[in-house]
Amino acid sequence: MFILSIHSAIAEDQTVNRMIASQCAQCHGTNGYARGSYPDLGGDEAKDLADHLYDMKGEDRPSGIMDHQALGYTDDQIRRIAQYYSILPENGGD
C-alpha cells in the first residue's frame with residue numbers, strides 16, 4: 001500500500017512532468033508560449049494536447065518533426081507533457 005502511494009505521488013509530480021516536457025520547450029517555450037510560428041501550448045486542454053500527440057505517434061509514415069518527436073515518448077510521458085502544459089497560463093505568464 002505504501003509503495004502504491006509513492007508511485008501515485010510521483011505520477012503526478014509537476015517537476016517530473018516539466019522535465020519530460022523540457023524537449024518541447026525548444027520550440028514551444030518553457031512557459032508554453034512559443035515565439036515565432038510554433039503553436040502556444042500553455043493553457044490548452046490536456047486531453048486535446050495528448051490526443052494530438054497520440055495521433056502523431058500513430059502515424060504509419062512519420063513525416064513531420066512532431067511525428068518523430070512523438071514516437072520517442074511512452075503514452076504515460078505524453079499524458080504528463082499534456083498535463084504540464086495544460087496547467088500553465090495561456091499567455092505564457094506575460
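Is Asp 75 buried, partly exposed or exposed? Asp 75 comes out as partly exposed, because its relative accessibility is 45%. The bands behind that word are under 20% relative accessible area for buried, over 50% for exposed, and partly exposed in between (1.4 Å probe, protein chains only). More notes follow.

1. **What you're looking at.** This is a predicted model, where local features need pLDDT of at least 70 and side-chain atom pairs count only at pLDDT 80 or more, while totals for chains, interfaces and linings use all residues. Residues are numbered from 1 along each chain as its sequence is written, and side-chain values use heavy atoms, with hydrogens and water left out.

2. **Overall layout.** The protein has six helices and zero strands, so the pattern along the sequence reads α-α-α-α-α-α (helices are DSSP runs of H or I with at least four residues, strands are E runs of at least two, and both are numbered from the N terminus). Of the 94 residues, 28% are buried. The accessible surface is about 6,200 Å², with 56% of that belonging to carbon and sulfur atoms; areas here come from the Shrake-Rupley method with a 1.4 Å probe, and for residues only the protein chains shown count as cover.

3. **Contacts along the chain.** Take the contacts with a separation of 6 or more: 68% of them join residues 24 or more positions apart. A contact means heavy atoms within 4.5 Å.

4. **Asp 75 and Tyr 54.** Asp 75 sits in helix H6, and Tyr 54 sits in helix H4. Their C-alpha atoms are 7.5 Å apart, with the two positions 21 residues apart along the chain. Setting aside neighbours within four places in sequence, Asp 75 contacts Tyr 54 and Lys 57. On the same basis, Tyr 54 contacts Asp 75, Ile 78 and Arg 79. Tyr 54 is partly exposed, because its relative accessible area is 31%.

5. **Ala 50.** Here is another residue of helix H4. Ala 50 counts as buried, because its relative accessibility is 8%. From C-alpha to C-alpha, Ala 50 is 8.7 Å from Asp 75, which is 25 residues away in sequence, and 9.8 Å from Asp 76, which is 26 residues away. Beyond its neighbours within four places, Ala 50 is in contact with Ile 78 and Ala 82.

6. **Leu 53.** Leu 53 also belongs to helix H4, and counts as buried because its relative accessibility is 11%. Its C-alpha lies 6.8 Å from that of Ile 78, a residue 25 positions away in sequence. Outside the four-place window, Leu 53 contacts Met 66, Ala 70, Ile 78 and Ile 81.

7. **The largest pocket.** How much space lies in the largest pocket? The figure is about 440 Å³. Of the 20 residues lining the largest pocket, the closest to its centre are Cys 24, His 28, Leu 41, Leu 53 and Met 66. Helices H3 (25–28), H4 (46–57), H5 (65–71) and H6 (75–86) are the elements that give two or more residues to the lining, and H4 gives the most, with five. A pocket here is an open set of points on a 1 Å grid over the protein atoms alone, where a 1.4 Å probe fits, with protein on both sides within 12 Å along at least five of seven lines; lining residues have an atom within 4 Å of a point. Grid points are joined across faces, edges and corners, and the volume is the space filled by probe spheres set on the points.

8. **Lining chemistry.** The lining has 13 nonpolar, five polar and two charged residues. For that tally, Ala, Val, Leu, Ile, Met, Phe, Trp, Tyr, Cys and Pro are nonpolar, Asp, Glu, Lys and Arg are charged, and the others, Gly among them, are polar.

9. **His 28.** His 28 is found in helix H3 and is buried, because its relative accessibility is 9%. Not counting residues up to four places away, His 28 touches Tyr 33, Ala 34, Tyr 38, Pro 39, Leu 41, Met 66 and Tyr 85.

10. **Cysteines.** Why is Cys 24 not bonded to Cys 27? The sulfur of Cys 24 is 8.9 Å from that of Cys 27, its closest cysteine sulfur, so the gap is too far for a bond. The disulfide count is zero, where a disulfide is a pair of cysteine sulfur atoms within 2.5 Å. Cys 24 is buried because its relative accessibility is 15%, whereas Cys 27 is partly exposed at 29%.
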